[in-house]
Amino acid sequence: MQAHICTVCGYVYDVQSADRDVENNLIPFENLDPDWQCPVCGVRLDLFKPITEERLPDVSVSDAKKRM
Ligand SMILES: [Zn+2]
């Protein structure tokens, strides 16, 4: 499961990190209703983006250094 962050207000939608009491009420981001809105600032799903491990950019940089 991947966490998603609101690019407007920084709200993080993450089922795994949710409180246990609330967990059952949380839906995987992919399954959210298209009309779902950020609970903080009210923007739509398309302004959320997945939070990825920031490893990919570092890999390309380190590869470039190794070649030098
Ligand atoms: Zn927001």
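Is proline 28 buried or exposed, and how many C-beta neighbours does proline 28 have inside 10 Å? In this predicted model, proline 28 counts as exposed, because just 10 C-beta neighbours fall inside 10 Å and the cut-off for exposed is 12 or fewer. We'll come back to that loop once the overall layout is in place.

The protein's secondary structure adds up to 2 helices and 3 strands. Going along the sequence, the pattern reads β-β-α-β-α. Burial is scarce here: of the 68 residues, 4% count as buried. As for contacts with a separation of 6 or more, 65% of them link residues 24 or more positions apart.

The strands come together as an open sheet of 3, in the order β2-β1-β3, and the pairing is antiparallel. Strands β2 (12–13) and β3 (48–50) sit at the edges with a single partner strand each, so one side of each has no neighbour in the sheet. Between β1 (residues 4–6) and β3, the antiparallel pairing runs over 3 bridges. Within that pair, isoleucine 5 faces lysine 49 of β3.

Proline 50 belongs to strand β3 too. Proline 50 counts as exposed because its C-beta neighbours inside 10 Å number 11, and 12 or fewer is the cut-off. Setting aside neighbours within four places in sequence, proline 50 makes contact with Gln2 and His4. Cysteine 6 is 44 residues away from proline 50 along the chain, yet their C-alpha atoms are separated by 9.0 Å.

Now for the loops. Glutamine 16 lies in the one between β2 and α1 (20–23). With 9 other C-beta atoms within 10 Å, glutamine 16 is exposed. Its C-alpha atom is separated by 9.3 Å from that of leucine 26, which lies 10 residues apart from glutamine 16 along the chain.

Back to proline 28, which lies in the loop between α1 and β3. Which residues does proline 28 touch, not counting those up to four places away in sequence? Those residues are Met1 and Val15. Aspartate 14 can be placed relative to proline 28 as well: the two are 14 residues apart in sequence, and 8.1 Å apart in space from C-alpha to C-alpha.

Valine 43 is found in the loop between α1 and β3. Here the neighbour count is 15 other C-beta atoms within 10 Å, so valine 43 is partly exposed: the value falls between the exposed limit of 12 or fewer and the buried limit of 20 or more. Not counting residues up to four places away in sequence, valine 43 touches Cys6, Val8, Gln37 and Cys38. Threonine 7 is 36 residues apart from valine 43 along the chain, with 9.3 Å separating the two C-alpha atoms.

Taken together, the picture is of an open antiparallel sheet of 3 strands in a protein where 4% of residues count as buried. Proline 28 is exposed in this model, and so is proline 50, whereas valine 43 is partly exposed.

Definitions and conventions: Residues numbered from 1 in each chain as written. Predicted model: local features only at pLDDT ≥ 70, side-chain atom pairs only at ≥ 80, totals over all residues. Pairing = 2+ DSSP bridges. Helix = DSSP H or I, 4+ residues; strand = E, 2+ residues; numbered from the N terminus. Contact = placed C-beta atoms within 7 Å.
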